[in-house]
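The following paragraphs offer a guided reading of a single protein chain. Please keep the sequence and the coordinates at hand while reading.

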Amino acid sequence: MGKVLLMQGNSAVVEGAISAGVRFYGGYPITPSTEIAEGMAKRLPEVGGKFMQTEDELAGMGAVIGASLAGVKGMTATSGPGFSLKQEMLGLACSAEIPCVVVDVQRVGPATGQPTSPSQGDVMQTRWGTHGDHWVIVVSPTSVPECFDLTRRAVELSETYRCPVILLMDEIVGHMRERIELPESYDDLPKFPRKVPSCAPEDYLAYRDVDGTKVPPMAPFGNGYRWHVSGLVHDETGFPKGTPSATRTSQDRLRTKLTDHLDDIIMTESYRMEDAEYAVISYGGAARTAYDAVDAAREQGIKVGLFRPVTIWPFAEKEIAGLSSKVKGILVHELNCGQYFLEVERAVHGKIPVTLYAKYDNESASPEEMLEEIKKMTGGAQA
């Protein structure tokens with residue numbers, strides 16, 4: 001048995017990062033993510049890592065990219081306005097294929113909004129926040145133990161697919177405290193080593209797919225391998241090449257290195273869905289209410305279950321489309337005006353009704369409120 005603790009979600013992110021081998025943090029404090037910066041400032045020196053508080057969020061993202069180029073696993077954390085400021089550098093990480101983890105603990109927006117109130121208003125920003133077609137992975141925890149596990153998973157996905165991974169949290173999960181059991185030591189936990197080149201330095205091309213995975217090996221700066229890093233469209237050498245052919249080839253590989261591996265990347269959870277006639281779709285902190293509401297509905301004879309996307313992007317298209325042949329209706333609950341709802345509605349192609357329970361008034365829903373929304377969706381249907 002490991003250490004049993006009462007821990008905050010943000011603190012669990014810190015421990016998950018340390019356990020996965022993250023040894024650099026660059027960022028700027030902002031509510032409600034500040035505890036992550038504070039925790040990393042304390043923990044990184046204890047394990048031989050480095051913490052850097054930068055002058056702003058854009059610089060923090062740049063510092064993390066630099067650390068990653070040098071071969072060090074890097075992470076940053078922010079919220080709302082800070083996440084907006086990181087977008088330019090996030091685009092560079094997508095284009096240059098720089099592994100890094102970005103934690104976004106969502107709060108009410110836009111602009112300064114409500115710094116200490118729960119929201120899930122950044123869902124579409126995580127997918128399309130930086131300009132141009134780009135491809136990222138976004139995962140969203142619902143509990144404190146999952147903050148630890150999904151931080152580790154974010155590091156693994158980032159290193160495996162050589163891309164930024166966003167850990168999309170919210171104020172509820174970031175600030176709540178729950179029981180968590182951590183290993184006594186992290187020494188035996190996987191550290192997810194990066195794929196590095198096996199060829200001689202003079203033969204290395206930084207963006208060449210050498211094994212069919214479409215993920216090129218990445219040589220750390222300073223060990224004899226030389227390569228060019230650019231946000232411009234580039235060929236296998238990394239040097240700019242803006243021909244139509246090079247542009248299409250680059251875009252296709254950036255996309256398909258993820259879409260070819262959706263079975264590995266996409267994670268979902270089904271709760272009481274075995275005989276469900278209706279489904280609730282919810283994620284992150286909002287899903288906590290859904291568990292209780294589903295249980296309450298079951299007690300009243302309503303056959304409803306919860307389908308929870310753990311991977312937000314890439315979108316669980318196949319899994320959600322499949323619900324349309326299993327249930328009579330879907331209720332999407334999220335703490336915004338309906339960002340994920342639109343994707344769910346698109347995925348079922350009008351085969352079944354999809355309704356939205358949007359909560360965007362600085363408070364999370366209660367199980368009782370959500371139970372009423374479930375009854376509206378089902379028309380009070382009972383077994």
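With which residue does K318 form a salt bridge? In this predicted model, the partner of K318 is D263, and the closest N and O atoms of the two are 3.5 Å apart. K318 belongs to helix 12 (residues 317–323) and D263 to helix 10 (residues 262–265), so the pair ties together parts that are 55 residues apart in sequence. Both K318 and D263 are exposed.

Helix 12 contributes to another salt bridge through E317, which is joined to R346 with the closest N and O atoms 2.9 Å apart. Since E317 lies in helix 12 and R346 in helix 13 (residues 339–348), this contact ties together parts that are 29 residues apart in sequence. E317 counts as partly exposed because its relative accessibility is 29%, and R346 counts as partly exposed because its relative accessibility is 38%.

A salt bridge may also be found inside one helix. The side chains of D252 and R255 meet at 3.2 Å, N to O. These two residues both lie in helix 9 (residues 244–259), where a spacing of 3 residues amounts to about one turn of the helix. D252 has a relative accessibility of 28% and therefore counts as partly exposed; R255, with a relative accessible area of 29%, is therefore partly exposed. Elsewhere, E15, K42, R43 and E46 are linked in a network of salt bridges. The count for the model comes to 25 salt bridges.

Charged residues also form a surface patch. D292, E363, E368 and E369 make up a negative patch on the surface. One of these residues, D292, is found in helix 11 (residues 284–299). The relative accessible area of D292 is 43%, so D292 is partly exposed.

From the surface, the reader may turn to buried positions. I98 occupies the loop between helix 5 (87–96) and strand 5 (100–106). Its relative accessible area is 0%, and I98 is therefore buried. I98 and D292 are 194 residues apart along the chain, and their C-alpha atoms are separated by 40 Å. I265, in helix 10, is likewise buried because its relative accessible area is 0%. From I265 to S366 the distance is 31 Å, C-alpha to C-alpha, with their positions 101 residues apart in sequence.

Strand 2 (residues 24–27) shows how residues are arranged on two sides. F24 and G26 point one way, Y25 and G27 point the other way, and all of them are buried. In a regular strand, side chains alternate between the two faces of the sheet. Strand 2 runs parallel to strand 3 (residues 50–53), and 4 bridges join the two. Within this pairing, G27 stands opposite Q53 of strand 3.

After strand 2, the backbone itself deserves attention. T31 and P32 are joined by a cis peptide bond with omega of about 5°. P32 is placed in the loop between strand 2 and helix 2 (34–46). A cis peptide bond also leads from W313 to P314, where omega is near -5°. P314 lies in the loop between strand 12 (311–313) and helix 12, the helix that holds both K318 and E317.

Which sign does phi of R162 have, positive or negative? R162 is a residue other than glycine, and its phi is positive, near 50°. R162 is located in the loop between helix 7 (144–161) and strand 7 (164–170). With a relative accessible area of 2%, R162 is under the 20% cut-off and therefore buried.

K214, although not a glycine, also has a positive phi, of about 70°. Its place is in the loop between strand 8 (177–182) and helix 9, the helix that contains D252 and R255. K214 counts as partly exposed because its relative accessibility is 24%.

Notes: Residues numbered from 1 in each chain as written. Predicted model: local features only at pLDDT ≥ 70, side-chain atom pairs only at ≥ 80, totals over all residues. Heavy atoms only, no water. Patch = residues over 30% accessible without salt bridge, like charges linked within 9 Å, V, L, I, M, F, W, Y side chains within 5 Å. Areas by Shrake-Rupley, 256 points an atom, 1.4 Å probe, with all protein chains shown as cover. Salt bridge = Lys/Arg side-chain N within 4 Å of Asp/Glu carboxyl O. Lys, Arg positive; Asp, Glu negative; His and termini not counted. Charge placed at Lys NZ, Arg CZ, Asp CG, Glu CD. Buried < 20%, exposed > 50% of the residue type's maximum accessible area, 1.4 Å probe, protein only. Pairing = 2+ DSSP bridges.
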